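Trainee: I am new to this structure and would like a close look at a single part of it, the enclosed space inside the protein. Could you take me through what surrounds that space, and then through the sheet and the chain to which those surroundings belong?

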Amino acid sequence: MTKDIRQISIFLENRVGRLAQITRLLGDAGIDILAISVADTADFGILRLLVDDVEKAVEVLRENGTVCTVNPVSVIPVDGVPGGLAKVLGIILDNALNIEYMYAVSQKPVSHPLMVFRFTNPEAARLAFSQAGVETLTSDQFLA
């Protein structure tokens with residue numbers, strides 16, 4: 001049975017120190033941030049996090065008045081060569097998968113760059129990559 005990788009999304013007010021406050025809360029609770037993405041506008045931002053303990057992070061955030069949601073994402077190793085990302089995106093195109101957003105992860109030690117994708121249909125994406133012979137990481141693999 002595969003364990004989905006779950007991402008925390010936080011709606012942030014675009015004000016000085018808010019991102020530092022969130023990361024401090026998590027750090028003080030001993031939660032390791034493994035990947036981070038911030039998309040913003042003039043008034044607000046969406047902070048997306050992959051952490052080593054989702055349940056604990058959500059508990060800490062909510063106890064401190066932070067609204068957050070948890071969603072499954074796909075983490076896919078990309079060949080670290082020219083055209084590596086194009087190969088992955090070609091699978092997405094060939095299977096008519098819709099990407100809501102994506103961002104890169106630097107994992108230690110880096111053997112392959114990792115891309116995080118949020119698909120409108122995660123099961124179809126998992127099947128498409130499996131049929132193409134491309135690994136989609138489980139949470140155990142990602143956290144190892």
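Mentor: When the whole structure, which is a predicted model, is searched for enclosed space, one cavity of 30 Å³ or more is found. The largest cavity holds about 50 Å³ of space, and its lining is made up of Asp4, Pro72, Val73, Ser74, Phe117, Arg118, Phe119, Pro122 and Arg126. Three elements each give two or more residues to that lining, namely β4 (68–77), β6 (114–119) and α4 (122–131). Sorted by class, the lining residues of the largest cavity comprise five that are nonpolar, one that is polar and three that are charged. As a general matter, empty space of this kind is revealed by rolling a probe the size of a water molecule over the atoms.

To place the lining strands, turn next to the sheet. It is an open sheet of six strands, whose order is β2-β3-β1-β4-β6-β5 and whose pairing is antiparallel. At its edges lie β2 (33–40) and β5 (99–105), each of which pairs on one side only, and from one strand to the next the twist averages 30°.

On the side of β6, which also contributes to the cavity lining, the neighbouring strand β5 runs antiparallel to β6 and is joined to it by six bridges; within this pair, Tyr103 has Val116 of β6 as its bridge partner. Helix α3, covering residues 84–94, packs on the sheet and touches β4, β5 and β6, with a direction that makes about 20° with that of β6.

At the other edge, β2 pairs with strand β3 (residues 44–51) in the antiparallel sense, over seven bridges. These two strands form a hairpin, with three residues between them, and one of the bridges links Ala39 to its partner Ile46 in β3. In general, the side chains of a regular strand alternate between the two faces of the sheet.

Stepping back to the protein chain as a whole, its secondary structure comes to five helices and six strands, which follow one another along the sequence in the pattern β-α-β-β-α-β-α-β-β-α-α. The C-alpha trace spans about 45 × 35 × 25 Å along its principal axes. The protein chain has a radius of gyration of 16 Å, which agrees with a compact globule, because a globule of 144 residues would have a value near 15 Å.

Key
Residues numbered from 1 in each chain as written. Predicted model: local features only at pLDDT ≥ 70, side-chain atom pairs only at ≥ 80, totals over all residues. Heavy atoms only, no water. 1 Å grid on protein atoms, 1.4 Å probe; cavity = no way out; pocket = protein on both sides within 12 Å on 5 of 7 lines; lining within 4 Å. Points joined across faces, edges and corners; volume = space filled by probe spheres on them. Helix = DSSP H or I, 4+ residues; strand = E, 2+ residues; numbered from the N terminus. Nonpolar A, V, L, I, M, F, W, Y, C, P; charged D, E, K, R; others polar. Pairing = 2+ DSSP bridges. Axes fitted to C-alpha atoms, helices over the stretch in contact; angles between N-to-C directions. Contact = heavy atoms within 4.5 Å. Rg over C-alpha atoms; globule rule 2.2 N^0.38 Å.
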